[in-house]
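Here's a quick briefing for anyone opening this structure for the first time. Have a look at the chain, then work through the points below.

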Amino acid sequence: MGKIAVYTFMQEGGAVPAQPYNAAAWKEKGFDFICFVRKKGDLPDYCGAWYIDELPISWDDALLNAVIPKINPQSVLEGYEYSLWLDGNVAITGDAIYVHCLEMLQRGVVYADLAHPSIRSVYSYAWKVWRQGLEPFKVVWNAVSFLICKGILPGAGFHDTSVMFRAHENEAVLEFDRWWWECLLLRAGSHYDQLMHIFALIDTPSLKWEHMSSEGLS
């Protein structure tokens, strides 16, 4: 098994995620590339560099199926201690991201994500979700009310979770991911993981995190 699972999710009937740059060379250096799907059906074992794997559990809700592997790497990845999650619209376009992952591994980083290039508040993001019709007002209001009740201030920050590096068996990371999942589904309810991300991160003080470089990604 490789040291680091680079993984993503492909919706039913959707396009195969962009092929990761120079994948064959980096596979020899310990990276494996996994694309999860709800049902494998007639799909081949490999689509280019991506190994196609079926989710161990799935629902009829297509948007939530994409969040299952994203927030729960420990439940879908066997034999890996480290993972690099990529949203389906993120592509690896250069070697720099692989080098960065190895460097973070060597430094003992257990969690890293991206600084968002434009959004600075989860409340701005919630407004965007509602304004674009991505969730009904009631769902967005439930999430916002939950965050306000938990004391999340507008200046608490906002992270881009389209890319995440994790030592996903680390106890602090496990605690964070499980709390993030519970808040998303049971406490506030939504399809959009970033609505609850900053709260779960703040509310897991044992988790040491950093922002990672976006070099080699697009």
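A quick word on terms: a residue is buried when its relative accessible area is under 20%, exposed when it is over 50%, and partly exposed in between (1.4 Å probe, protein chains only). This is a predicted model, where local features need pLDDT of at least 70, side-chain atom pairs count only at pLDDT 80 or more, and totals for chains, interfaces and linings use all residues. Residues are numbered from 1 along each chain as its sequence is written, and side-chain values use heavy atoms, with hydrogens and water left out. Helices (H or I, at least four residues) and strands (E, at least two) are DSSP runs, numbered from the N terminus.

**Salt bridges**

- A salt bridge here is a side-chain nitrogen of Lys or Arg within 4 Å of a carboxyl oxygen of Asp or Glu, and that rule gives nine salt bridges.
- K27 and D32 are one such pair, at 2.8 Å from N to O. K27 is partly exposed, because its relative accessibility is 42%, while D32 is buried at 11%.
- K70 and D87 form another salt bridge, with their closest N and O atoms 3.1 Å apart. This pair links distant parts of the chain, 17 residues apart: K70 sits in helix α2 (residues 62-71), and D87 in the loop between β5 (82-86) and α4 (96-107). With a relative accessible area of 4%, K70 is buried.
- R166 and D177 also meet in a salt bridge, 3.1 Å from N to O. R166 is in strand β7 (residues 159-167) and D177 in helix α7 (residues 171-188), so the bridge ties together parts that are 11 residues apart in sequence. R166 counts as buried because its relative accessibility is 0%, and D177 is buried with a relative accessible area of 0%.
- E12, R38 and D60 join up in a network of salt bridges.

**The largest pocket**

- What does "pocket" mean here? On a 1 Å grid over the protein atoms alone, a pocket is an open set of points where a 1.4 Å probe fits, with protein on both sides within 12 Å along at least five of seven lines; lining residues have an atom within 4 Å of a point.
- The largest pocket has a volume of about 670 Å³; that volume is the space filled by probe spheres set on the points, which are joined across faces, edges and corners.
- The pocket is lined by 30 residues, and those closest to its centre are K70, D87, G88, N89 and D193. K70 and D87 are the salt-bridge partners met above.
- Which elements give two or more residues to this lining? They are β1 (4-9), α2, α5 (122-131) and β7, with α2 giving the largest share, four residues.
- By type, the lining has 15 nonpolar, 10 polar and five charged residues. Nonpolar covers Ala, Val, Leu, Ile, Met, Phe, Trp, Tyr, Cys and Pro, charged covers Asp, Glu, Lys and Arg, and the others, Gly among them, are polar.

**A nonpolar patch on the surface**

- W127, W130, F137 and W141 make up a nonpolar surface patch, with about 490 Å² of accessible area together. Such a patch is built from residues with over 30% relative accessible area and no salt bridge, their nonpolar side chains (Val, Leu, Ile, Met, Phe, Trp, Tyr) joined within 5 Å.
- Areas are worked out by the Shrake-Rupley method with a 1.4 Å probe, and for residues only the protein chains shown count as cover.
- Two elements, α5 and α6 (137-149), give two or more residues to the patch.
- W141 is in helix α6, and it counts as partly exposed because its relative accessibility is 46%.

**Other residues to look up**

- Most residues other than glycine have a negative phi. N22 has a positive phi, near 55 degrees; N22 lies in the loop between β1 and α1 (23-27) and is partly exposed at 37%.
- W209 lies in the loop between α8 (194-202) and β8 (210-211), and counts as partly exposed at 39% relative accessibility. The C-alpha atoms of W209 and R166 are 9.5 Å apart, although 43 residues separate them along the chain.
- Y82 is in strand β5 and is buried, with a relative accessible area of 13%. Y82 and D61 are 21 residues apart in sequence and 28 Å apart, C-alpha to C-alpha.
- E169 is in the loop between β7 and α7 and is partly exposed at 39%.

Terms used. Patches are made of residues with over 30% relative accessible area and no salt bridge: like charges are joined within 9 Å, nonpolar side chains (Val, Leu, Ile, Met, Phe, Trp, Tyr) within 5 Å.
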